[in-house]
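Dear colleague,

I am passing a structure on to you, and I would be glad if you kept it open beside this message while you read.

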Amino acid sequence: MNGWHEYNSSNTVFIYIHGLFSNSEKCWTTSEGVFWPDLLKADPRFNKPSIYLAEFYTSIKSNDYGIKNCATEVFSALSRTCNNNHPAPIEKTNIIFVGHSTGGIIARYIIEANSDAFIGKKIGLCLYASPSYGSKLSNSLGWLASLFNNKLAKELSWGSSILDDLDDRFLTLLESKQIDISGMEAYENKAPFKIPFSRKRVVPKISAARYFSKRVLVPNTDHSSISKPTSTDSLSHQYLFDFCKHSDLLTSNRTGLISRDSLFDRYEPKYENYYIEREADIELSNQIKNYSIWVCGESGTGKTASITRMFSLQKQTPQFISLGRYIDHSPESLIQETYIEISNKQDLGKVIGVNECLSRIINEINYLTRESTYLLFIEEIPITDQEMFSKFSNFIYIIISSIEKQKNFRIVLSSIYKPNIDLDPELIKTFERFKILEWNRWNEKDIDRLIMTISKDLNLNENPLTAADFNGTPRSVKNKFRELISRVR
């Protein structure tokens, strides 16, 4: 259970995020099999919203995979066009996060760390038994976290450095009123049934109710049952509806302006009239005819939009892989994750070396290209230095040069890191197989074209923006328009 549970044209999306050592099924399902997102879907009072189930990697053996990694994983998924071509959840106008326990912390981390992405939208944050300042029970079980070297469990301890820092930053965000956010915090009223003779709640009120005036004690619930309403009459569900109604989060079409196509985040064919084609787009389309490509450039300059558009115009559907959640991983680990995605395996079971991974990737692609074209798009490769780039590039070269039917295979890679090709003579042979395309900031002429296109689409008689204000970053232009629109409302 990961991805769209219900997708429709509503401007409202509920994003469910589970807790520690859990997943969407375990977190939101009662012992009788009642699944909370299904209750919400069937409740007519919610006006048929879209529903998205966000999952993140959490296991007793997750080692150094902490809060930041989990938040990056979830935000990448929320920002990504799905395999069935449904738009990214973050493109909706009204976004309501429902987070249980650790899921609430991850939701707050996402909103604070990526606040620019939420400008001009209406955000609801519904926290259920979320240890915003940690859990003292986690402290008492610290030996278990240490035994398994579980970073996420350690970070949930009372007043941990990361929670303390996030607490300060989130409060600052709320006070700044940079984004339109309202919230509700619900907390349990009894200790877990599975811990005999204990009177301590897993998450006490002082940790679960810190940010919003809407604070509710859910009677007859412990840390687990608070996220498992048995019917639409259950108070966990009722409190969610009360909050959404009071906060005006259920309006099916809250605003006509902010949902206009010119402010799209991810490219789709329906947005073509609002796409600003540049020389870089033409070069990308020409290069892909003969080479695989690595596109390098700053975040927010339109790399992914251009690559997605190129495939769309050529009526091709690539396999999409995002490695953005694997920050601080080695090139060998990135290749392992690539194999997992290509082969659609959940894990490697027995750990295998990079050479075995490369061999399996090559075999998989050779099979896929026997009779038809196979296109692979790997986005957000977390390269940080020249040595890492050289090593990962060499792995890609091995894959490309080993494909039997070269004409049936192309790979497009994308990263923020820009390599210094001149400094690495070892890569000369590599670049005979794929080309580096530097993706630069936009010039003022193209930024002006974007501003004019959006202004016309939004029916703004006066254009308050100039290209010089944005330093060549189209994402900043769209965020500024969203901010202006939110002020007008």
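What follows goes through two helices and then the cysteines.

This is a predicted model, in which local features need pLDDT of at least 70 and side-chain atom pairs count only at pLDDT 80 or more, while totals for chains, interfaces and linings use all residues. Residues are numbered from 1 along each chain as its sequence is written, and side-chain values use heavy atoms, with hydrogens and water left out.

Helix α8 (helices are DSSP runs of H or I, at least four residues, numbered from the N terminus) covers residues 161-176 and reaches 23 Å from its first C-alpha to its last. Its buried residues (under 20% relative accessible area, with exposed meaning over 50%, for a 1.4 Å probe and protein chains only) are Ile162, Leu163, Leu166, Asp167, Phe170, Leu173 and Leu174. They lie on the same side of α8 because they cover an arc of only 135 degrees around the axis, the arc being that of the directions from the helix axis to the C-beta atoms. Ser161 and Glu175, on the other side of α8, are exposed.

In helix α14 (residues 354-368), the buried residues include Val354, Leu358 and Ile365.

As for disulfides (pairs of cysteine sulfur atoms within 2.5 Å), the count is 0. The sulfur of cysteine 126 is 5.0 Å from the closest cysteine sulfur, in cysteine 244, which is too far for a bond. Cysteine 126 is also buried, at 0% relative accessibility.

With best wishes

Notes
Helices (H or I, at least four residues) and strands (E, at least two) are DSSP runs, numbered from the N terminus. The expected span of a helix is 1.5 Å times one less than its number of residues.
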